[in-house]
Amino acid sequence: MGEGNTGEERRSGRSGTDTSRVEVLRDLHDRYATALWRYVVSLTRRPADADDIVQETLLRAWRTPRVIRDDPVRVRGWLFAVARNLVIDQARSASRRHEQTTPEAAEEVAEDRVDRLFDAMLVTDALAALGPHHREVIVRAYYGGLSTAELSQELGIPEGTVKSRLHYGLCALRLAFQERGVTR
């Protein structure tokens, strides 16, 4: 029974080195966890975040054997530097910048009128590019809701001319939209 593992170490699945690492980690936790937590709360102003960051800091100490073997006084600086870097990483993360919780959901979502405003400006600009005869027929037909017979009677021109102006006016309007980058 001289070398290697004791019965307790075999049952726990840890070697003597792991056991000493656990003890050192417990010692680090006992010595620095409260001070780390206060430090992180002073940086974040969020106790829940501080809990997570202190846990991650100690986990990183566990994963870095040289820290566990180092002098406990020197380890303090390393722990605080790691905690500070974790706070910075968390502040830079996408979830921090974009996802903010609110106490209650918005009651009513306002309609976004920007697209409609840009569409109206685009149509007005494209209509201005048409000749006056084509523009008049298109505006009265589509905005006035007049039929070709009503337009013919109102403008005093044959119905075939109204249809022709509508056709060629819409072709010119489509071209005007394409020149302005509209593809739909």
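The residues lining the largest pocket divide into 8 nonpolar, no polar and 1 charged. The model is a predicted one, and this tour moves from that pocket to a pair of helices that contribute to it.

**First selection: the pocket lining.** Select Asp-119, Ala-120, Val-123, Leu-127, Ile-138, Tyr-142, Tyr-143, Leu-173 and Phe-177, which together line the largest pocket. The space they border has a volume of about 160 Å³.

**Second selection: the contributing helices.** Colour helix 7, helix 8 (132-143) and helix 10 separately; each supplies at least two residues of this lining. Which helix gives the most to the lining? Helix 7 does, with 4 residues.

**Third selection: helix 7 and helix 10.** Display residues 114-128 as helix 7 and residues 159-179 as helix 10. Their axes come within 9 Å and cross at roughly 125 degrees. Helix 7 and helix 10 are therefore oblique to each other, since an angle is classed as roughly perpendicular from 65 to 115 degrees and as roughly antiparallel over 145. The crossing of helix 7 past helix 10 is right-handed.

**Fourth selection: the side chains where the two helices meet.** On helix 7, show Leu-122, Val-123, Ala-126 and Leu-127; on helix 10, show Leu-173, Ala-176 and Phe-177, which they meet. What classes of residue make up this contact? It has 7 nonpolar residues, with no polar and no charged ones.

**Last selection: residues common to both views.** Keep Val-123, Leu-127, Leu-173 and Phe-177 on display: they belong to the contact between helix 7 and helix 10, and they also line the largest pocket.

Definitions and conventions:
Residues are numbered from 1 along each chain as its sequence is written. This is a predicted model: local features need pLDDT of at least 70, side-chain atom pairs count only at pLDDT 80 or more; totals for chains, interfaces and linings use all residues. Side-chain values use heavy atoms; hydrogens and water are left out. Axes are lines fitted to C-alpha atoms, for helices over the stretch in contact, and angles run from 0 to 180 degrees between N-to-C directions. Angles under 35 degrees count as roughly parallel, over 145 as roughly antiparallel, 65 to 115 as roughly perpendicular and the rest as oblique. A crossing is left-handed if the near helix is turned anticlockwise from the far one by less than a right angle, and right-handed if clockwise. Contact means heavy atoms within 4.5 Å. Ala, Val, Leu, Ile, Met, Phe, Trp, Tyr, Cys and Pro count as nonpolar, Asp, Glu, Lys and Arg as charged, and the others, Gly among them, as polar. On a 1 Å grid over the protein atoms alone, a cavity is a set of points where a 1.4 Å probe fits but cannot get out, and a pocket is an open set with protein on both sides within 12 Å along at least five of seven lines; lining residues have an atom within 4 Å of a point. Grid points are joined across faces, edges and corners, and a volume is the space filled by probe spheres set on the points.
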